[in-house]
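User: Could you take a close look at one part of this structure for me? I'd like to see how that part sits in the protein and what surrounds the ligand.

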Amino acid sequence: MTPEQALEDLTRKGLLRELHALPDNRGRLVIDGETWLNFSSNDYLDLGHHPALIAASVHAVEELGCTAAGSRLVSGHLDLHARFEEQAAALLGTETALLFGSGFLTNLGAVPALAGDKATIFCDRLNHASLIDGIRMSGLKWHRYRHNDTDHLDELLAKHPAADGETRLVISDSVFSMDGDVAPLAEIAAVARRHGALLMIDESHAIGVMGPNGAGLCAELGLKPDAITCGMGKAFGGYGGFVATSKTLAALIVNRARSFIYSTGLPPACVGAGIAALDMFAATKGALGQDAMARAERMHGLLAGAGFEMPPFASPILPVMVGDNHAAQEFQRRLAARRILCSAIRPPTVPPGTARLRLTVTRAHTEADLLAARDAFAEVARELGLLP
Ligand SMILES: Cc1ncc(COP(=O)(O)O)c(C=O)c1O
């Protein structure tokens with residue numbers, strides 16, 4: 001297939017992805033003089049434009065410049081990185097934490113590093129792409145268990161016992177990024193423990209939003225997985241990623257994770273903003289996350305009240321299911337005509353036949369915004385025959 005044919009093929013299947021530049025990405029933004037509502041942002045706490053984060057980021061740049069100028073193991077490890085890591089570990093109650101360039105790079109590096117070269121990995125079917133790619137990078141044997149099905153996980157662990165000296169690693173998201181549902185973490189942890197397997201949880205969509213002081217879902221449930229990973233492009237309102245773990249596992253990661261070893265350290269601007277976000281979680285004692293959750297629950301109720309079949313409320317990520325790829329794209333276009341920004345999510349990000357609008361609620365959204373979104377969603381759904 002030529003590149004042109006490949007693009008035509010994607011278009012025919014309703015799977016073509018294209019970039020659309022925005023002048024801004026706040027919850028409410030102005031495009032060509034018109035106000036739009038953004039329901040596609042992961043900045044759940046609306047910290048991305050908070051003066052405290054901007055000031056911390058600017059201060060870090062003024063003090064330290066724009067780059068870490070080397071990988072962490074060479075010359076790119078700054079006191080500022082160490083400060084973030086200490087504070088993140090304190091929040092999550094782990095011995096230490098380790099910053100990476102992004103959430104994707106964290107998972108890409110941490111999965112193979114934790115597993116080592118003799119291991120079997122057990123992974124939820126709907127885990128984030130970065131976890132899957134981390135597993136693929138490892139080149140190890142792996143088994144996918146049915147989404148959130150701990151009996152299936154148990155069965156697979158029993159069927160594939162650890163060979164001599166072999167590690168077994170269980171991996172799950174805590175909040176699933178495209179469905180917004182949460183994993184049965186207590187059961188997963190119990191199954192992993194019973195089988196002597198290591199446990200790694202991606203808390204990218206939970207830290208800052210859920211748990212005591214925004215420490216995430218594991219903290220809320222009193223669970224201590226072997227490693228917790230998090231991307232900072234969501235509730236942190238910034239960029240970067242980290243793994244929170246024991247000193248021993250962190251030392252292994254420093255020695256093994258290729259996306260840590262062979263990549264420039266996170267720039268000061270991002271680390272400064274990250275520390276300010278951690279300060280904000282602590283100062284507000286988790287209230288910002290609770291507020292984001294309350295607004296999301298209100299939106300969930302509004303959509304259900306309008307006739308949408310909604311899954312039980314669990315997080316600020318609300319999937320509005322469409323099914324067909326072309327219909328999901330048309331839904332997005334018609335929302336855009338009403339000045340609502342909400343992205344259609346299609347395969348391979350989600351399984352075939354489950355294209356959807358992924359609506360995210362943030363602290364930037366007012367009650368009036370939620371009502372406007374509900375009305376726009378209901379109108380478009382009626383036009384497309386998805387609601388009576
Ligand atoms: C669950 C999950 N993990 C990891 C990532 C990757 O994080 P980042 O965007 O910081 O690369 C994302 C999303 O982007 C995510 O949703």
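Analyst:
**Helix 4 and the ligand**

An oxygen atom of the ligand lies 2.8 Å from a polar backbone atom of Phe104. Keep in mind that this is a predicted model. The protein covers 85% of the 380 Å² of accessible area that the ligand has on its own.

Phe104 belongs to helix 4, which runs over residues 103–115. With three residues, this helix gives the largest share of the shell around the ligand. Its 13 residues reach 18 Å from the first C-alpha to the last, close to the 18 Å expected at 1.5 Å a residue.

Now for the two ends. At the N-terminal end, Ser102 acts as a cap, with a side-chain oxygen 3.3 Å from the backbone nitrogen of Phe104. After the helix comes Gly116, with a positive phi near 75 degrees.

Is helix 4 enclosed or open? It is largely enclosed by the rest of the structure, because 11 of its 13 residues are buried. Among the buried ones are Gly103, Thr106, Asn107 and Leu108, and also Pro112 and Ala115.

Back at the ligand, 14 residues surround it, and Gly103, Phe104, Asp202, His205 and Lys234 are the closest. The shell divides into one nonpolar, 10 polar and three charged residues. Two side chains are worth a look here. An N or O atom of the Asp202 side chain is 2.6 Å from a nitrogen atom of the ligand, while one in the His205 side chain is 2.6 Å from an oxygen atom of the ligand.

How values were computed. Residues numbered from 1 in each chain as written. Predicted model: local features only at pLDDT ≥ 70, side-chain atom pairs only at ≥ 80, totals over all residues. Heavy atoms only, no water. Helix = DSSP H or I, 4+ residues; strand = E, 2+ residues; numbered from the N terminus. Expected span 1.5 Å × (residues − 1). Buried < 20%, exposed > 50% of the residue type's maximum accessible area, 1.4 Å probe, protein only. Polar contact = N/O pair within 3.5 Å; in protein donor to acceptor, adjacent residues only side chain to side chain. Near = heavy atom within 4 Å. Areas by Shrake-Rupley, 256 points an atom, 1.4 Å probe, with all protein chains shown as cover. Nonpolar A, V, L, I, M, F, W, Y, C, P; charged D, E, K, R; others polar.
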